[in-house]
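Please open the model in your viewer and keep the selection panel at hand. The tour below goes from one selection to the next and says what is found at each stop.

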Amino acid sequence: MVPVEETEVRRTVEAVWRMEAGRVVAGIAAIVRDVGQAEELAQDALVAALESWPRDGVPANPGAWLTTVGKRRAVDAVRRRQTGERVLAQLGRDLDERVTVDFDAAVEERIEDDLLRLIFVACHPVLTPIARAALTLRLVGGLTTAEIARAFLTTESTVGQRITRAKAALAEARVPFEVPGAAERAERLGSVLEVVYLIFNEGYAATAGDDWMRPTLVQEALRLVRQLQGLMPDEPEVHGLAALLEIQASRVHARTGPAGEPILLNDQDRTRWDQLLIRRGLAALDRARTDHPGPYAVQAEIAACHARARTPEETDWARIAALYAELARLVPSPVVELNRAVAVAQADGPAAGLEVARALADEPALATYHLLPSVLGDLLARLGRHDEARREFERAAALAGNARERTLLLSRAAECGSKKS
Amino acid sequence: MRYMLTHKLDENEPRAFDPSPEFIEKMGAFMEEATKAGVFLAGEGLEKSSKESGRITADKGRVTVTDGPFTETKELIAGFAILEVRDKDEAMEWGRRFTNLFIEDGVYVEVDVRRVFEFPGA
């Protein structure tokens, strides 16, 4: 049997690893300039910790210990790669200096720069969004392949292959280990934020499977966006995304019933909204303010309108409708227009909303989107047109991918069926 | 998962509730580290109990109200932090890093790591 002491040290090693993986990998990648190799070397450092900490005790600064050991291995790896080249004697000395000054407070800033580089590389647009998400959770978040697979409801081998291919693609495209320059910055930042939002949504509004939410992904996305706020304090859209996620996450405990069934915004018990997250969201929104807010900041403003209303009746729907119009200008999309229809219906009545929603009927992008018939059904029901409403709810149920959502829609259809138009 | 870390100090120790500028700087750096790691949600430090404190106790239907300082209490809560982390091991590691701040000054400190109640199902 493993003694208690050793089990505890092992748990500490694993916890420290999860907390520090991103910084350790980033510090090594800054030396070897290849995230795939950096991850392998970081794993070596983890193995070294598992060997020596139970024997020598947990170091006072375990994160720095892992980074330093990882960097030493990186220097060795670079030396091995370049044996025989005379220039390298000097390079080796430079690298040694980098490693030995590691505990200096001044170096802290460079580790943060390295972490930011790692995030930009892991979220590089040469990769598909889902590959970026897996790679980011692995390299920056320190999750195991098994944990990522569980969170995305897929197999470990699928995630493993996805990550291996992603690393190969980055190497093949010769993606430099750098934060993008001004010319590329906006697009690359968009790519990073898209990944965080994808991870969040995959957890918050599960697109497949029987569960409405997958908390691991929600938590990982929040952690990432909070880290990004620290790394890029001058980017308003980072705070915009943070505000959006904090406010949406504040409703996590209110949006499912006792049997796990979804509860829509207007029916939620608002005393269950997490006021701590709402305050954090509103504070992030303050930092997101700029003359030209981006799409995340505008969506956060909309979320904030709901968060500020203590009852559904207090909701400022006119402002929400105006914000959706602004969002539609920034990112024209039939889905945004559908949301605007809902807001217009709340502000000016179901007939006005129906007019906006009806205009989307022939939109090919919405042909298989269950929320269009779902919204139409709701507006028609409020206008007392129950037969038409029932047909729309049934159509919506047939299109819904989420089992719990389908049940909700069918029950609304049945409700309409029992009423006379 | 959310944890609350409270730390308790001995009010009778002269330096406990009267931190040096160096200590305040160290504490600031620690808070920044936890914030940048994306785990620090909220937290505050507390004044000593001789400064505007009071205590209300209800026992067997009888309510007693007293004013501070709480001279009979040796370990007094001096601050709290709400952290959002993946598990208890991570919370414990943050607690350990926090106690490191006090080691240099040789001040007595006790950190309690407690799980915050969350509604089931999410």
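Select chain A: of its 421 residues, 44% are buried, where buried is said of a residue with 20 or more other C-beta atoms within 10 Å of its own, exposed of one with 12 or fewer, and partly exposed of those in between, the C-beta atoms being placed from the backbone. This is a predicted model, in which local features need pLDDT of at least 70 and side-chain atom pairs count only at pLDDT 80 or more, while totals for chains, interfaces and linings use all residues. Residues are numbered from 1 along each chain as its sequence is written, and chains are lettered from A and ligands numbered from 1 in the order in which they are written.

With chain A still selected, switch to a cartoon view, which should show 19 helices and 0 strands; helices here are DSSP runs of H or I with at least four residues, strands are runs of E with at least two, and both are numbered from the N terminus. Taken along the principal axes, the C-alpha atoms of chain A fill a box of roughly 85 × 55 × 35 Å. Of the contacts in chain A between residues at least 6 apart in sequence, 61% join residues at least 24 apart, a contact being two residues whose C-beta atoms, placed from the backbone, lie within 7 Å.

Next, go to A:Arg33, which sits in the loop between α1 and α2 (35-56) of chain A. A:Arg33 counts as partly exposed because it has 16 C-beta neighbours inside 10 Å. If you draw a distance from the C-alpha atom of A:Arg33 to that of A:Thr155, 122 residues away along the chain, the value is 30 Å.

Now move to A:Gln275 in helix α12 of chain A. Is A:Gln275 buried or exposed? With 11 other C-beta atoms within 10 Å, A:Gln275 is exposed. Its C-alpha atom is separated by 9.4 Å from that of A:Arg251, and the two residues are 24 apart along the chain.

Keep α12(A) in view and add helix α13 (residues 295-308) of chain A, since two packed helices are described by the angle between their axes and the distance between the axes. The axes of α12(A) and α13(A) are 10 Å apart and the helices pack at an angle of about 140 degrees, with axes fitted as lines to C-alpha atoms, for helices over the stretch in contact, and angles running from 0 to 180 degrees between N-to-C directions. That angle makes α12(A) oblique to α13(A), given that angles under 35 degrees count as roughly parallel, over 145 as roughly antiparallel, 65 to 115 as roughly perpendicular and the rest as oblique. To see where they meet, show side chains including A:Ile278 and A:Leu282 in α12(A), and A:Ala297 and A:Glu301 in α13(A). The residues of this contact divide into 8 nonpolar, 1 polar and 1 charged, where Ala, Val, Leu, Ile, Met, Phe, Trp, Tyr, Cys and Pro count as nonpolar, Asp, Glu, Lys and Arg as charged, and the others, Gly among them, as polar.

Bring chain B into the picture, and look at where the chains touch: 22 residues of chain A are in contact with 14 residues of chain B. On the chain A side, the elements that give two or more residues are α1 (4-32), α10 (215-231) and α12 (275-288), and α1(A) gives the most, with 7 residues. By class, that side has 9 nonpolar, 6 polar and 7 charged residues.

Then select chain B alone, which has 2 helices and 6 strands, running β-α-β-β-β-β-α-β from the N terminus on. Of its 122 residues, 21% count as buried.

Colour the open sheet of 4 strands, whose order is β2-β5-β1-β6 (chain B), with antiparallel pairing; two strands pair if DSSP finds at least two bridges between them. β2 (40-45) and β6 (110-115) of chain B stand at the edges, each with a single partner strand, so one side of each has no neighbour in the sheet. Within this sheet, strand β1 (residues 2-10) of chain B and β6(B) pair over 6 bridges in the antiparallel sense, and B:Tyr3 has B:Arg115 in β6(B) as its bridge partner.

Finish at strand β3 (residues 54-59) of chain B, where 0 of the 6 residues are buried. β3(B) pairs with strand β4 (residues 62-67) of chain B in the antiparallel sense over 6 bridges, and B:Thr57 stands opposite B:Thr64 in β4(B). The hairpin of these strands has 2 residues between them, and there B:Lys60 takes a positive phi near 50 degrees.
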